[in-house]
Amino acid sequence: MVDLDSEVPPLPPRYRFRDLLLGDQGWQSDDRVQVEFYMNENTFKERLKLFFIKNQRSSLRIRLFNFSLKLLSCFLYIIRVLLDDPTQGLACKELNRRCSNQNYTPGAIDWSPIIWVNRSLPLWGLQVSVALISVFETLLLSYLSYKGNIWEQILRIPFLLEIINAVPFIITIFWPALRNLFIPVFLNCWLAKHALENMINDLHRAIQRTQSAMFNQVLILISTLLCLIFTCICGIQHLERAGNRLTLFDSLYFCIVTFSTVGFGDVTPKIWPSKLLVVIMICVALVVLPIQFEQLAYLWMERQKSGGNYSRHRAQTEKHVVLCVSSLKIDLLMDFLNEFYAHPRLQDYYVVILCPTEMDAQVRRVLQIPMWSQRVIYLQGSALKDQDLLRAKMDDAEACFILSSRCEVDRTAADHQTILRAWAVKDFAPNCPLYVQILKPENKFHIKFADHVVCEEEFKYAMLALNCICPATSTLITLLVHTSRGQESQQSSEQWQKMYGRCSGNEVHHINLEESTFFAEYEGKSFTYASFHAHKKFGVCLIGVRKEDNKNILLNPGPRYIMSSTDICFYINITKEENSAFKKQEKHRKKLESKLSYHGTSRLPVHSIIASMGTVAIDLQDTGCRTSSGPTLALPSEGGREGRRPSIAPVLEVADSSSLQTCDLLSDQSEDETTPSDEEVSAGLEYAKGYPPYSPYIGSSPTFCHLLHEKVPFCCLRLDKGCQHNYYEDAKAYGFKNKLIIVAAETAGNGLYNFIVPLRAYYRPKKELNPIVLLLDNPLDDLLRCGVTFAANMVVVDKESTMSAEEDYMADAKTIVNVQTLFRLFSSLSIITELTHPANMRFMQFRAKDCYSLALSKLEKKEREKGSNLAFMFRLPFAAGRVFSISMLDTLLYQSFVKGYMISITRLLLGLDTTPGSGFLCSMKITEEDLWIRTYARLYQKLCSSTGDIPIGVYRTESQKLTTSESQISISVEEWEDTKDTKEQISYRNNHRNSTSSDQSDHPLLRRKSMQWARRLSRRVPRHSGKTAEKINQQRMNLYRRSERQELAELVKNRMKHLGLSPAGYDEMNDHENTLSYILINPSPDTRLELNDIVYLIRPDPLAYVPNTAPSRKDSFCNTVGQDTREETQL
């Protein structure tokens, strides 16, 4: 039988299958050599070095043993001193014999007690053992740390002290006569100090924690002081063996009295060696201790700048959040603290600020206020360093807020820094909730893992877009996300300020339906029924719900949604239900109140005047709804036709398809989905509903909107230049039916996507879509070409290139001046802009001599002194929605810590997110045909019973009667000053001529010369007729008397004529009445409606319910607010 093992060679251990396939047989004659690396570390010296020096834990044990050994030697020295008696021993007996035989001479020192001591044999054995170990360890460490210079090792102070304290003991082993020789073992305290410093360093290195330089310096200072005192005690006690024979306690007493500069003088050294030692120790103390104190003071100052550490014990027992910023400004700090601590349950939280820059003077002064000094801790450090995150105890934090620096020139670079901070925090503390603010939408997907993200450009452009179709949406959102008690301007004499300030305290709250007093009785009923009756009974506005098994929030899901006991209700009110108390009023009180007539728009019920976060009272009103057979409202006859409209239908508990009316929006949609009109076909505008085919950035929410069937060529996008497809060169030539929306921006960034989508949303009728013009540069000629004279809105985006300035508040300078120029040139143009700093809003539409603006400025200062977070809310441009600051939305991120739903609700309101079944924000205008509704409560009922819309507020515009005269006076004063200046100039010229003529009359020669010059000039200048001269003088006087507004108007008209544009519409833009506008969020039910009021609505999703047949709309309320023939936008 053939032995297979002998014929087939074994495979090598690392044989590859590729070699077998390729026929490589080189493995049979393998000559490879195994190489071992780092053989130098296998030597005996390297192994010893690894154990004694390199290894952290073993090195720590060695140093701890060395420290214990030095302390043991000092302890043995103290035992030897306590057991020693200077009067005993041979040396002392010899001393006594000499003193008895001869007279003692003062100043002569017997050195025998100093050189010789009594040392017992056991004590000597212990000291010799300690000395042997110390010498062996010192020699071994010197050998291991030897680097080629032997003298460097020998002349080190620790090595010399070891030789002085240990070698004499070794010598006594071979020379027994020297066993009682004095050896200064107490100097081992300095070696113990050196070992302690090394041990602390190894300890920090072993446990992998940041060593505190402050702790090390304090330890060095204390150990140095103890070593000085111990050395002085032992030295004085031993030297005075030949003098006063002091004990250790006497020496201790003498050293403490001496070093404390008290100096009683009862214990003093007698011999000169001890006196010399005292002098040396005092000199050493005067040199060493101030150096140590200076280093300690320096480290203390650095610690104050860096902020130290957040205590681990406090982090485990108390709750804290961390705020990470690039640079901390006082405005940012105060906004965060005021909003964060506005919630009662956050009063016990600590705020740890982690910032890489040094604390500035303003922030330091604020943090020294007792209210903040006990709760705010500032740490100077970087979020990218684990050491600084450990100092802030990030792993124990309840949340981490990461804010971007919006003042950076390169906003993309600022986002990159924010992304790295978020990654670093997530890597260090994976369980810590992250609240991140990002600037650019294209960078948002990098931090998708964060719990809450606010993208600045998304919210900014969405609010700018909604401001064009829903006036003052930015003001509405800003007031909703700010915490306020509605106490602003309650002492004002003007009624609009009281109403505006009181309603500004409304916020969004949430509660479980089965636990709620507001909504528990509406279980099993429709959403609109619950919303209407909750507002009628309690004055709260139910705007949305969320199912228990669903994370999506539904804003106004419509009348077909049935409320469940597990639903979470979201409502608008001044305070949340948990902080409210309820009082049932008597029936006769209700009847009496129902009989009271209305005395103006200012009278509000008690339930709407909730002014505190504590316990408040809410009046319970009658919940009975008006029956269909009740009395109807009498309406004024129209065109001689007498008739009565039916009364408002009641809101049904469960929606009925027969009673549910569809609004014009749905009918418009059904018309849109059919064939387009002839006018649209002729214009080439054929719209289709769908999702945008391209997304400008990752993470954008898909939105159903109006789209063109065919993509427009790029050349046709230039409005001011014609192309082969069209020859138009200005907006007037295009013949747009609707007014334009002009966006003046520095660059066409990805954020513009969020501006266009809300204006092209699917729920907007096609006939109401406004053309959008993007103006990347805004000189006067380009403004006129793009149709500014017939534009509905002019949106001015803050210029990113001016974000960074030497002075922070100057970042808005360019935007403010540009807007002011537009305001002066086109006074009636609706200009909407965004600023970086809220404080700069006072410069919008600035009038230097307007008394009313000055009064509002004083009001703002008073509100700020009272501690209001919304002191800027009474500025007319902000109240009217003409300007806002994106930094105001920082509070949205702060509120998300307590109200995690606020970002989702805000995104739904702005149209940034769309959820199936969720409603959207729109508006309607109150006309003369709608004034029969009379009150806000009846409007609420009419909307809920007919279209299912939920009103949440009113935008009111009032004529400024007093301010009109004031502004006219200011303008007339300016014109009078201009005329006065011209008259003064003319009179000055006449006086100058008279004075010159009088001077010339005094000098005949000069007069004769001037007459000759006049004759020569009269010959050269052509003579005019009397009529021509009179005409020239009249034109000159007209120029002098022309006002500034007329001058600007002439300038614009001349430019329009030069560009070939018709100035017909410009005169209408200057007919601007002085008005003021403000918002009433969730007003009281008996608030009187006024003409031209704009009501904010949350309309149900039209796609959630599409009827088969559209019912008649002759008597429906939707017909009064959504007719196609109406010019104003109803969305």
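In what order do the four strands of the open sheet lie, and is their pairing parallel or antiparallel? The order is β20-β23-β21-β22, and the pairing is antiparallel. The model described here is predicted. Its chain has 41 helices and 23 strands, and buried residues account for 46% of its 1131 residues. Of the contacts between residues at least 6 apart in sequence, 76% join residues at least 24 apart.

**The four-stranded sheet**

- The edges of the open sheet are β20 (920–925) and β22 (1075–1081), each of which pairs on one side only.
- From one strand to the next, the twist averages 25°.
- Five bridges connect β21 (residues 950–959) with β23 (residues 1094–1099), and this pair is antiparallel.
- Within that part of the sheet, Val954 has Val1095 of β23 as its bridge partner.
- The loop between β22 and β23 contains Asn1082.
- Asn1082 is not a glycine, yet its phi is positive, near 50°; as a general matter, most residues other than glycine have a negative phi.
- Asn1082 has a relative accessible area of 6%, so this loop residue is buried.

**Helix α35 and its neighbours**

- Helix α35 (residues 936–946) lies across three strands, β20, β21 and β23. Its direction makes an angle of about 135° with β21.
- On its other listed contact, α35 meets helix α23 (residues 527–538): the two axes come within 10 Å and cross at roughly 175°.
- Because the angle is over 145 degrees, α23 counts as roughly antiparallel to α35.
- From α23, the residues making this contact are Thr528, Ser531, Phe532 and His535. From α35, they are Tyr936, Ala937, Tyr940, Gln941 and Cys944.
- Sorted by class, the contact of α23 with α35 comprises five nonpolar and four polar residues, with no charged residues.
- The spacing of residues in a contact of this kind can be read against helix geometry: an α-helix has 3.6 residues a turn, so residues three or four places apart point the same way.
- Burial covers 10 of the 11 residues of α35. Among them are Arg938 and Lys942, as well as Leu939 and Leu943.
- Tyr936, Tyr940, Gln941 and Cys944, which take part in the contact with α23, are also buried.
- After α35 comes Gly948, with a positive phi near 80°.

**Strands β5 and β6**

- Strand β5 (residues 434–438) and β6 run parallel and are joined by four bridges.
- Across this pairing, Gln437 is opposite Val454 of β6.
- Strand β6 (residues 452–455) is covered on both faces. His452 and Val454 are buried on one side, and Val453 and Cys455 are buried on the other.

**Helix α21 and the loop before it**

- Ala472 sits in the loop between α20 (456–469) and α21.
- Although Ala472 is not a glycine, its phi is positive, about 60°.
- Ala472 counts as buried because its relative accessibility is 2%, and the cut-off for burial is under 20%.
- Thr478 belongs to helix α21 (residues 473–481).
- With a relative accessible area of 1%, Thr478 is likewise buried.
- Leaving aside residues up to four places away in sequence, Thr478 touches Phe878 and Met888.
- Thr478 and Thr891 are 413 residues apart along the chain, while their C-alpha atoms are separated by 8.8 Å.

**Cysteines**

- The structure contains zero disulfides. A disulfide is a covalent bond between the sulfur atoms of two cysteines.
- Why is there no bond between Cys227 and Cys189? The sulfur of Cys189 is the closest cysteine sulfur to that of Cys227, but at 4.2 Å it is too far for a bond; the cut-off for a disulfide is within 2.5 Å.
- Cys227 is buried, at 6% relative accessibility.
- For Cys324, the closest cysteine sulfur is in Cys400 at 3.8 Å, which is also too far for a bond.
- Cys324 is buried, with a relative accessible area of 1%.

Terms used:
Residues numbered from 1 in each chain as written. Predicted model: local features only at pLDDT ≥ 70, side-chain atom pairs only at ≥ 80, totals over all residues. Heavy atoms only, no water. Pairing = 2+ DSSP bridges. Helix = DSSP H or I, 4+ residues; strand = E, 2+ residues; numbered from the N terminus. Axes fitted to C-alpha atoms, helices over the stretch in contact; angles between N-to-C directions. Contact = heavy atoms within 4.5 Å. Parallel < 35°, antiparallel > 145°, perpendicular 65-115°, else oblique. Nonpolar A, V, L, I, M, F, W, Y, C, P; charged D, E, K, R; others polar. Buried < 20%, exposed > 50% of the residue type's maximum accessible area, 1.4 Å probe, protein only.
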